[in-house]
Amino acid sequence: KVADSLAYDLLAKASAVIAVSKATYEDLKSRVGIPSPPLVYLPNWTVERKETDGMNKRKVAGEIVFLGRFEKQKQPELVLEFAHLAKKEGIPVHISMYGSGSLQEKMEKYVMKNKLKSFITINPPSHSALQVLESASFMIVTSKYEGLSFAMLEAMSVGTPIMALEAPGVSELIKDGKTGILRSDIQTLFDEYKKVLKVKNLAKY
C-alpha cells in the first residue's frame, strides 16, 4: 500500500516514534514493521482535578456531550441514531455536539428530517471543553478508533463518565461499569443508558 510505504519511509528515518496508545503501538509494530526501540509507548495525560460537591451539582441530568470532528472516523451519525432511539422511546435526553467537518450538512438534514431539534444541538468546536464536560452527565464516544483521546481524559478528570463503542484506543481507557459504559453497538449502548437512568446510579461510574 502506498500510504503504508510512505509512512514506513518517514518513520524509519526517525530517531524515535511515540505511540500514544497501546493500540497505536501494536498497529505500528505489526502493520508498518517498526521495531522497539525506536518505537515507544507514551500515553497522553491530563491533570486530575479534585472532585468537589460543586462539581457534581453542576451536572445536568440527561445532558450528554459529544466532542470531535464530524468525520467518518468519529461516526457522529451514530450519536444522531442514539438521539433518535431516545425520541422513539420517550427517554429524556439532550445531546450537545461540538465540532465541525464534512458530515455536518448531512447531520443537520438528519436532525431536521427526524425532528430531533429538542434532542440534539450541533455547535461549533468548543474552546471551553472542561466546562462543557463538567456540566454533562455523560460524554458519548462513537469513534472507529482513537489514539488516546484528550477529550476522554478530560471528561474523566472532571468526573464525567463516558459511554462509548468498543474500539482501539477507546477500550484502553474505559472499564465497563466502573469508569463508564462500553458496548459493541449503538443499540446496546442506548439500552444500558436506559438502565442507568432507571436506577439513577451514576455514582457507580
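Guide: Welcome! Helices (H or I, at least four residues) and strands (E, at least two) here are DSSP runs, numbered from the N terminus. Please keep in mind that this is a predicted model.

Visitor: Thanks! Where is the place of N114?
Guide: To place N114, look between two named elements of the chain. One of them is the strand β5, which covers residues 120-123. N114 has its place in the loop between α5 and β5.

Visitor: Is N114 buried or exposed?
Guide: A residue is called buried when its relative accessible area is under 20%. For N114 that area is 16%. The value falls under the cut-off, so N114 is buried.

Visitor: Which residues does N114 touch, not counting residues up to four places away in sequence?
Guide: Residues up to four places away in sequence are set aside for this question. With those left out, N114 touches H84 and K87.

Visitor: How many helices and how many strands are there in the protein chain?
Guide: Let's step back to the whole chain, which has 205 residues, 43% of them counted as buried. Its accessible surface comes to about 11400 Å², and 56% of that belongs to carbon and sulfur atoms. As for the elements, the protein chain has eight helices and eight strands.

Visitor: Over which residues does pLDDT stay under 50?
Guide: The chain averages a pLDDT of 84, and 80% of the residues score at least 70. One stretch stays under 50, and the model has five contacts beyond four places in sequence for it. Where pLDDT is low, the predicted coordinates should not be read in detail. The stretch to treat this way is residues 52-57.

Visitor: Which element gives the most to the largest nonpolar core?
Guide: This core has 30 residues, and I64, F82, I95, M97 and M163 touch the most other members. Elements that give two or more residues include β3 (60-67), α4 (77-89) and α8 (186-199). With seven residues, the element that gives the most is α4.

Visitor: What is F82 in contact with, leaving aside its neighbours within four places in sequence?
Guide: F82 is one of the residues that touch the most other members of the core. Among its contacts are I64, I95, I140 and M163. The list is completed by I186, L189, F190 and Y193.

Visitor: How many residues are in the second, separate core?
Guide: Members of this other core include Y98, A129, A136 and V141. The core is separate, and its count of residues is 22.

Visitor: How far apart in sequence are the parts that the F138 and Y193 pair ties together?
Guide: A search of the whole structure finds four aromatic pairs. F138 and Y193 form one that is edge-to-face, with 5.7 Å centre to centre and 75° between the planes. F138 lies in strand β6 and Y193 in helix α8, so the parts tied together are apart in sequence by 55 residues.

Visitor: Which residues form one aromatic cluster?
Guide: Both F138 and Y193 are buried, and both belong to the cluster. Together with two Phe residues they make the full set: F82, F138, F190 and Y193.

Visitor: Which residue caps the N-terminal end of α7?
Guide: Look in the loop between β6 and α7. The residue in question has a side-chain oxygen 3.3 Å from the backbone nitrogen of A151. A polar atom of its side chain also lies 3.1 Å from the backbone nitrogen of M152. The cap is S149.

Visitor: Is S149 buried or exposed?
Guide: The cut-off for buried is under 20% relative accessible area. S149 has 10%, so it counts as buried.

Visitor: What phi does G159 take?
Guide: G159 comes just after α7, a helix in which A151, M152, L153, A155 and S157 are buried. The phi of G159 is positive, at about 80°.

Visitor: Is K106 buried or exposed?
Guide: K106 is found in helix α5. Its C-alpha atom is 9.9 Å from that of F70, 36 residues away along the chain. Exposed means over 50%. K106 has a relative accessible area of 63%, so it is exposed.

Visitor: Which residues does S171 touch, not counting residues up to four places away in sequence?
Guide: S171 lies in the loop between β7 and β8. At 31% relative accessibility, S171 counts as partly exposed. The residues it touches are E166 and L182.

Definitions and conventions
Residues numbered from 1 in each chain as written. Heavy atoms only, no water. Core = buried A, V, L, I, M, F, W, Y, C linked by side-chain atoms within 4.5 Å. Buried < 20%, exposed > 50% of the residue type's maximum accessible area, 1.4 Å probe, protein only. Contact = heavy atoms within 4.5 Å. pLDDT = per-residue confidence, 0-100. Polar contact = N/O pair within 3.5 Å; in protein donor to acceptor, adjacent residues only side chain to side chain. Areas by Shrake-Rupley, 256 points an atom, 1.4 Å probe, with all protein chains shown as cover. Phe/Tyr/Trp six-rings, centres within 6.5 Å; stacked < 30°, edge-to-face > 60°.
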